[in-house]
Amino acid sequence: MSMPPLASGPQGPDALRPLLAAVLDALDTGARTRGGPLPAGGPHAVAARMRDAVGDLLPEHGDPGALPALVHALAEGAADPADPLCAAHLHCPPLAVATAADLAVLALNPSLDSWDQAPAASELEALVTRQLAKEVYPDTPPTPTPDAVMTTGGTESNQLALLLARETLGPTVRLVRGANAHHSLPRAAWLLGLPDPVTVPAPTGTLDPTALHNALTTHPGPHLVTATAGTTDAGLIDPLPDIAAVCRTHRARLHIDAAYGAGLLFSDRHRHRLTGLSAADTVTLDLHKLGWQPIAAGLLAVRDHHDLTALHHHADYLNADDDTEAGLPDLLGRSLRTTRRPDTLKIAVTLKTLGRTGLGALVDQVCAHAHHLADLITAHPRLELHAPPTISTVLFRPTGATDTTVAEIRRRLLTDGHAVLGRAHLHGRLWLKTTLLNPHTRPDDLAALLKLVEGNTPT
Ligand SMILES: *Cc1c(COP(=O)(O)O)cnc(C)c1O
């Protein structure tokens, strides 16, 4: 029996070429078989098709047809964020150039827990994290120097932000967050064993600075306040400068969760909405949302790189003191993970290929789509718009429908495989949610989306 070829090494590219061709063909046939934004039939039918495609998962003798068969099955059963009618979540269609870059990472398989596993990748990570830290903190004087670390996404970034706050302020630090904050924040407080978080009501959808002031006055500190730039449900941005001022008054630490909104930094037109971001001690960014990266592409930016010393860690086989003294970069303190893939190649390729103008144009495009959709809804006699969009999220519902009907419309569209819409409870009612992240979407697609909703609304 011949040995299966490897992805890297002198034979790697030649071994990969026909396999990649097979993958691309199967992606194509799978998507054609699906024929829409997601597979029809609902969970039971999709699961049954997958079970059929897999068959005997560990046969006695191998099957060389497994690659095309399983890729076809996965593509056939995928919810494709590149379909304009797949618009529920902060689930972006990745750029082809970013995905191609990630393929190189998969083949080379560098691991960022020590320099001898990732000599060039470690320098690329340093360059990308420094650049993005500078985007978040452009106005910081020479000291403190900002920095950033890569994460698996907003959830890990938020956990790290709480950990750094605990290491700075001690184990009694109390999380104070708006009711609009991401669920991963109180979960991180639970994980880290912090005191029970304080939830500040956010009846308008954003964190009210006066209510925050009252909460900080009432509850004993030290405090870590978290604000959101781009709420998951509605894409709203908390009043960052006012919140930063309240935090200064109370000497509270500030974390801003910009998992969604940070992408606005690339747009000349929309960057001003993030004014106040650089007042935060830490900022969560997620370029697998408004950044068109394949998952994962999270970051935590810190205003003062000294905060990251809390992550320093020693393991003799990875960062022995004499190796570090001899000049081998010490990478272990850049993450809580050990084996770690470089998520920075795809980001670097994207930043450099598109430039600030190219990325900004994508941001402007999806924000413009949201405004267009909102206009269509406003002009529609039987649809109600929640509010004009702030970023690229639009909430709406059929006028007069019950919450049960709204939920059923969403599920019917999912089951039929016609559209992927999200849901959000706001102002005591359930809304259909569209998160527009596809720059290729056309006005006709948005009109078609509303027609589908209308066609599935009982009269
Ligand atoms: C998506 C999101 C997160 C979580 O990010 P993941 O990448 O899914 O872990 C955190 N905060 C906000 C505001 C988000 O929208």
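**Pockets, cavities and ligand surroundings in the predicted model**

The second largest pocket has a volume of about 460 Å³. This pocket, like every other feature described here, belongs to a predicted model. It is lined by 26 residues, and those nearest its centre are Asn180, Ala181, His182, Thr232 and Asp233. By class, 10 of the lining residues are nonpolar, 12 are polar and four are charged. Helix H6 and strand E10 (422-426) each provide at least two residues of this lining, and the largest share, three residues, is that of H6.

The second largest pocket is also the space taken by the ligand. There are 13 residues around the ligand, and Thr155, Asp257, Asp286, His288 and Lys289 come nearest. Two of these residues place a polar side-chain atom at a short listed distance from the ligand. For Asp257, the partner is a nitrogen atom of the ligand, at 2.6 Å. For Lys289, the partner is an oxygen atom of the ligand, at 3.1 Å. The backbone takes part as well: a polar backbone atom of Gly154 lies 2.9 Å from an oxygen atom of the ligand. On its own the ligand has 380 Å² of accessible area, of which the protein covers 85%.

The shell around the ligand consists of two nonpolar, eight polar and three charged residues. Helix H6, which spans residues 154-169, gives the most to this shell, with three residues. Helix H6 therefore appears in two descriptions of the site, as the element with the largest share of the pocket lining and as the main contributor to the ligand shell.The largest pocket holds about 970 Å³ of space. Among the 26 residues that line it, Val23, Leu24, Leu27, Pro94 and Thr99 are the closest to its centre. Three elements give two or more residues to this lining, namely helix H1 (12-34), helix H3 (66-76) and helix H4 (96-108). The lining of the largest pocket comprises 20 nonpolar, two polar and four charged residues.

Enclosed space was examined as well. Rolling a probe the size of a water molecule over the atoms shows where empty space is left. In the whole structure, three cavities of 30 Å³ or more are found. The largest cavity contains about 70 Å³ of space. Its lining is formed by Ala234, Leu236, His386, Ala387, Pro388, Pro389, Thr390, Thr393, Val394 and Leu395. Seven of these lining residues are nonpolar and three are polar, while no charged residue is present.

The backbone geometry shows several further features. Most residues other than glycine have a negative phi, and most peptide bonds are trans. A cis peptide bond, with omega of about -5°, joins Gly221 and Pro222. Pro222 is located in the loop between helix H8 (209-218) and strand E4 (223-228). Another cis peptide bond joins Ile295 and Ala296, with omega of about 10°. Ala296 belongs to the loop between strand E6 (282-286) and strand E7 (298-302). Asn109 is not a glycine, yet it has a positive phi of about 50°. Asn109 lies in the loop that runs between H4 and helix H5 (119-136).

Methods: Residues numbered from 1 in each chain as written. Predicted model: local features only at pLDDT ≥ 70, side-chain atom pairs only at ≥ 80, totals over all residues. Heavy atoms only, no water. Near = heavy atom within 4 Å. Polar contact = N/O pair within 3.5 Å; in protein donor to acceptor, adjacent residues only side chain to side chain. Areas by Shrake-Rupley, 256 points an atom, 1.4 Å probe, with all protein chains shown as cover. 1 Å grid on protein atoms, 1.4 Å probe; cavity = no way out; pocket = protein on both sides within 12 Å on 5 of 7 lines; lining within 4 Å. Sits in = over half its atoms within 2 Å of the grid points. Helix = DSSP H or I, 4+ residues; strand = E, 2+ residues; numbered from the N terminus. Nonpolar A, V, L, I, M, F, W, Y, C, P; charged D, E, K, R; others polar. Points joined across faces, edges and corners; volume = space filled by probe spheres on them.
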